[in-house]
Amino acid sequence: MAAKINEAHDHIAKAEKYLKTSFMKWKPDYDSAASEYSKAAVAFKNAKMLEEAKEAYLQEAEAHTNNKTLFHAAKALEAAGMMLKDMQRIPEAIQYIERASMMYVENGTPDTAALALDRAGKLIESQDLAKAVDLYQKAASVFENEDRLRQAVEMLGKASRLLVRQHKLDEAAVSIQKEKNMYKEIENYPTCFKKTIAQVLVHLHRNDFVAADKCVRESYSLPGFSGSEDCIALEQLLQGYDEQDEDQVHCVCNSPLFKYMDNDYAKLSISLRVPGGGKKKAPASAADAGEGVEAGEADEDEYAGGLC
């Protein structure tokens, strides 16, 4: 352990020496200094001195920035963020990863920026859902700007689900519509059908039947939607909801098509209730009940003397 700490300090001393200028050396050697800071960071990390490792990575990032090598500067910032993650200082870690993503974009490597934002979103999801949504939306925007719609819509999907989890249903409705538009653009129509189900569930939980109905009507223009399993189920759901038929709504919402959606949408499905508490199917009429009693009495008479 002590050897690693001494090794780290030796690399720091070398880095500082490379940064010094003199009468014969007018310009700091940022490249060599960055290399030494990187080696120091690894040595500190191996010695379990994470705070010192983080600082060394930040010094490496500064040296790379001064040397105009932004990609390597961003990598060093990400590494500093990972040290903070290991110290359970997640919000601080996210700040460095966001800075790194901006550097990646500036460097002309937006894909790497978006992937960094995705990683940051996963890190913060358990602590701050709103921040995770922001990061996923930023990642989606970066991918979309690069016409990487498949990757963009994946990020949007993560954001939509977390918005539903937070019960931010107005924002979720907008996000899901954007997803649906992207899937339509890349001609992934079956997934459009699933997004229509998600839209309808969100709108019904918002008590906006008109918006839910509109989503289904607009989907009739999608190839293959009309007459599909998704279409029939949605028509039955909307009919049951509109007629306040609790049994019909319950039957649709508990069907495999709805129950096995992504967990956040499945929860919306299971918890959906019709307005005013709905109504159950009418009980059997008095005449039917009377017939049942007479039949029962006949059975009793038949076996009145016992089975033998």
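**Exercise 1. The whole chain**

Among contacts in the protein between residues at least 6 apart in sequence, what percentage join residues at least 24 apart? Then describe the make-up of the protein.

*Solution.* Keep in mind that this is a predicted model.
- Start with the contacts: of those between residues at least 6 apart in sequence, 57% join residues at least 24 apart.
- Next, look at the secondary structure: the protein has 16 helices and zero strands.
- Then turn to burial: 42% of the 308 residues are buried.
- Finish with the surface: about 16,800 Å² is exposed, and carbon and sulfur atoms supply 51% of that area.

**Exercise 2. Two helices that cross**

Find helix α10 (residues 189-205) and helix α15 (residues 263-271), and work out how they are oriented to each other.

*Solution.*
- Begin with the axes, which come within 10 Å and cross at roughly 50°.
- Now classify the angle: oblique covers angles that are not under 35 degrees, not over 145 and not from 65 to 115, and α10 and α15 are therefore oblique to each other.
- Check the handedness too: the crossing of α10 and α15 is left-handed.
- Now see who touches whom: α10 contributes Ala198, Leu201, Val202 and His205, while α15 contributes Tyr265, Leu268, Ser269 and Ser271.
- Last, sort these contact residues by type: five are nonpolar, three are polar and none is charged.

**Exercise 3. The buried side of a helix**

Which residues of helix α11 (residues 209-219) are buried, and which helices do they pack against?

*Solution.*
- List the buried residues of α11: Ala211, Ala212, Asp213, Cys215, Val216 and Ser219.
- Then find their partners: the buried residues of α11 pack against α9 (169-185), α10 and α12 (229-242).

Key:
Residues are numbered from 1 along each chain as its sequence is written. This is a predicted model: local features need pLDDT of at least 70, side-chain atom pairs count only at pLDDT 80 or more; totals for chains, interfaces and linings use all residues. Side-chain values use heavy atoms; hydrogens and water are left out. Helices (H or I, at least four residues) and strands (E, at least two) are DSSP runs, numbered from the N terminus. Buried means under 20% relative accessible area, exposed over 50%, partly exposed in between (1.4 Å probe, protein chains only). Contact means heavy atoms within 4.5 Å. Accessible areas come from the Shrake-Rupley method with a 1.4 Å probe; for residues, only the protein chains shown count as cover. Axes are lines fitted to C-alpha atoms, for helices over the stretch in contact, and angles run from 0 to 180 degrees between N-to-C directions. A crossing is left-handed if the near helix is turned anticlockwise from the far one by less than a right angle, and right-handed if clockwise. Ala, Val, Leu, Ile, Met, Phe, Trp, Tyr, Cys and Pro count as nonpolar, Asp, Glu, Lys and Arg as charged, and the others, Gly among them, as polar.
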